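I sat down with this one to see what I could look up. My notes follow in the order I made them.

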Amino acid sequence: MSDQEISNDLVEIINERMEYLMIKQLNLVHKMNEILEQEGSDQRFEKGAVHHIFSRKRGMSLRFLIYACKALGFAEGEFFPEYISQYLIVRSKENPQKFLINIKKLREFVKVCLDRGLYEYCRLVVDKLKKVDNPPLSFLKDLAEDYEGLKLTNEAFYVYETITRLINHQLGEHSSVYLKKFLIQREMGLQQALESAIELGVYVKYMDEKIKQQAYDKLIATYFTLEDWDKVYLYCDEQVVITRGKNNEFYGNALVYKSNAARSKRDYKLALELIDLYSRLPEEHFKQWAEINRLNVYIEMGDTSVIPIMLSWIKSHPNNSPSNDPAQKTPFRSLAAILTTYVKQCELENISIFLRDFAEEISFLCAQTNPFDLKYACAFILSRAEYYFLLGKMSQGLDDVIQALSISITLKSDKDFAKCVWKYSMYSSHASPLQQGKYSELCATATKIF
């Protein structure tokens with residue numbers, strides 16, 4: 001509701017309602033106190049204080065508005081837009097182009113709205129602050145973080161997006177907002193993450209050293225998941241320069257990511273060189289990841305002789321909780337590489353034993369929900385489908401392809417989706433009516449996403 005739409009102020013609105021219901025101020029006070037008593041509150045409204053509100057000797061508190069509305073039969077929050085315009089973000093009488101903001105009351109108001117689930121009024125506050133010269137960015141950042149705490153991703157993103165549009169010349173002071181916005185948008189899907197990653201890549205140079213390291217780490221992880229290897233190389237190299245000798249965690253992570261990207265580009269020589277670099281770091285987890293990833297490189301190069309060592313790793317290092325970091329490749333994520341190598345070499349007997357002996361670990365991988373593990377699950381399921389096709393078990397293979405197709409849509413990954421469609425098209429003549437229907441349904445869903 002705009003200022004122009006507010007024809008009466010709140011005192012007049014409440015007065016009109018009281019006249020309609022033939023309620024005096026004293027009756028209103030009594031009724032509000034009855035409601036407070038029913039709610040178990042020890043607080044009460046004093047008739048003198050209420051009289052001062054009606055005689056305009058004092059401003060109307062949010063608490064009074066809420067209980068007056070309850071006593072007079074108004075819906076909760078019905079007059080919050082008027083309250084915002086008349087008491088929180090008010091046009092200056094001297095200069096109507098300027099606004100006066102009562103930050104203390106604004107924070108109280110937002111807290112009440114968040115506690116009661118009246119989120120639309122918080123958005124109204126944000127929309128009104130867009131019009132203000134020098135808006136309170138710290139207030140907006142606090143609101144966005146409150147939304148994050150409530151798992152309201154879309155609302156948090158809206159506030160961060162608003163802040164980035166208001167920053168202008170204050171990039172250095174508030175550039176970390178671009179990282180916050182990016183992290184929120186990454187939760188909304190891979191394609192949305194790409195949009196925000198491009199923006200973050202522009203503004204990362206304005207960030208202080210500590211925030212910049214975090215930003216590069218998240219950019220690398222996102223482009224790794226999106227399989228944009230050139231961007232992974234670019235940001236890994238930037239991260240290595242600013243963290244070498246200063247922050248082993250971010251430095252090591254960058255080397256891990258780049259080595260994994262090199263593996264995906266089939267540049268196994270570079271991958272092994274990078275693995276050697278992070279294996280020298282003093283932290284034990286880097287040494288373990290180096291051992292695991294070195295084995296993965298050999299497996300991907302077709303060396304099946306090292307697979308038993310990796311399988312031993314998997315059995316001796318059970319992963320009972322999902323991880324969100326694709327660089328920290330716990331052994332169970334190697335299942336896809338093992339199966340893919342076995343399938344390429346048509347070692348059908350070994351595949352049968354592998355699928356039987358590692359059924360629990362495979363089920364765990366396929367049950368993951370975070371996008372990083374889902375990438376490995378999708379690759380594993382597609383390889384298992386190829387195995388079934390080799391055996392002539394067309395129905396089982398197509399079931400796996402359809403499952404992988406569903407995962408690719410969950411990931412919002414057009415690349416994985418294309419792989420699945422191509423695989424299905426090769427064997428579509430063997431699809432049952434049920435499989436054809438499911439495939440068509442998933443493709444229809446995908447057209448709304450990609």
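Before the pocket, a note to self: helices here are DSSP runs of H or I, at least four residues long, numbered from the N terminus. I also kept in mind that this is a predicted model.

**Entry 1, the pocket.** I looked up the largest pocket and got a volume of about 1,100 Å³. There are 33 residues lining this pocket, and Ser264, Arg266, Thr340, Ala379 and Lys419 are the closest to its centre. Which helices supply at least two residues each of the lining? I wrote down helix 13 (209–225), helix 15 (248–264), helix 17 (284–300), helix 19 (335–344), helix 22 (371–391) and helix 24 (414–427). Helix 22 gives the most, with eight residues. Sorted by class, the lining of the largest pocket came out as 13 nonpolar, eight polar and twelve charged residues.

**Entry 2, Arg266.** I went back to Arg266, since I had it on my list from the pocket centre. I found Arg266 in the loop between helix 15 and helix 16 (268–279). Its phi is near 65°, a positive value in a residue that isn't glycine. Buried or exposed? Arg266 is exposed, because its relative accessible area is 53% and the cut-off for exposed is over 50%.

**Entry 3, Lys151.** I noted another positive phi at Lys151, about 65°, and Lys151 is not a glycine either. Lys151 sits in the loop between helix 8 and helix 9 (153–166). With a relative accessible area of 70%, Lys151 counts as exposed.

**Entry 4, Glu145.** I then checked Glu145, which is in helix 8 (residues 137–149). The relative accessible area of Glu145 is 38%, so I put it down as partly exposed. Leaving out residues up to four places away in sequence, I have Glu145 touching Tyr160 and Lys180. I also took a C-alpha to C-alpha distance from Glu145 to Ile23: 43 Å, for two residues 122 apart in sequence.

**Entry 5, the nonpolar core.** Nonpolar side chains tend to be buried together in soluble globular proteins. So I looked for the largest nonpolar core here, and it has 157 residues. Phe64, Phe109, Phe354 and Phe380 have the most contacts inside this core. Helix 22 turns up again, with the largest share of the core at twelve residues. What does Phe354 contact, leaving aside its neighbours within four places in sequence? My list for Phe354 reads Leu311, Leu335, Ile338, Leu339, Tyr342, Ile362 and Phe380.

**Entry 6, helix 6 and helix 7.** Phe109 from the core list led me to helix 6 (residues 103–116) and helix 7 (residues 119–129), whose axes come within 7 Å and cross at roughly 145°. On the helix 6 side I have Leu106, Phe109, Val110, Cys113 and Leu114, and they meet Tyr119, Tyr121, Cys122, Val125 and Leu129 in helix 7. The residues of this contact divide into ten nonpolar, no polar and no charged.

**Entry 7, Ser363.** Last one for the page: Ser363, in helix 21 (residues 359–366). Ser363 has 47% relative accessibility, so it counts as partly exposed. I also checked Ser363 against Ile351, twelve residues apart along the chain, and their C-alpha atoms are separated by 16 Å.

Methods. Residues numbered from 1 in each chain as written. Predicted model: local features only at pLDDT ≥ 70, side-chain atom pairs only at ≥ 80, totals over all residues. Heavy atoms only, no water. Axes fitted to C-alpha atoms, helices over the stretch in contact; angles between N-to-C directions. Contact = heavy atoms within 4.5 Å. Nonpolar A, V, L, I, M, F, W, Y, C, P; charged D, E, K, R; others polar. 1 Å grid on protein atoms, 1.4 Å probe; cavity = no way out; pocket = protein on both sides within 12 Å on 5 of 7 lines; lining within 4 Å. Points joined across faces, edges and corners; volume = space filled by probe spheres on them. Buried < 20%, exposed > 50% of the residue type's maximum accessible area, 1.4 Å probe, protein only. Core = buried A, V, L, I, M, F, W, Y, C linked by side-chain atoms within 4.5 Å.
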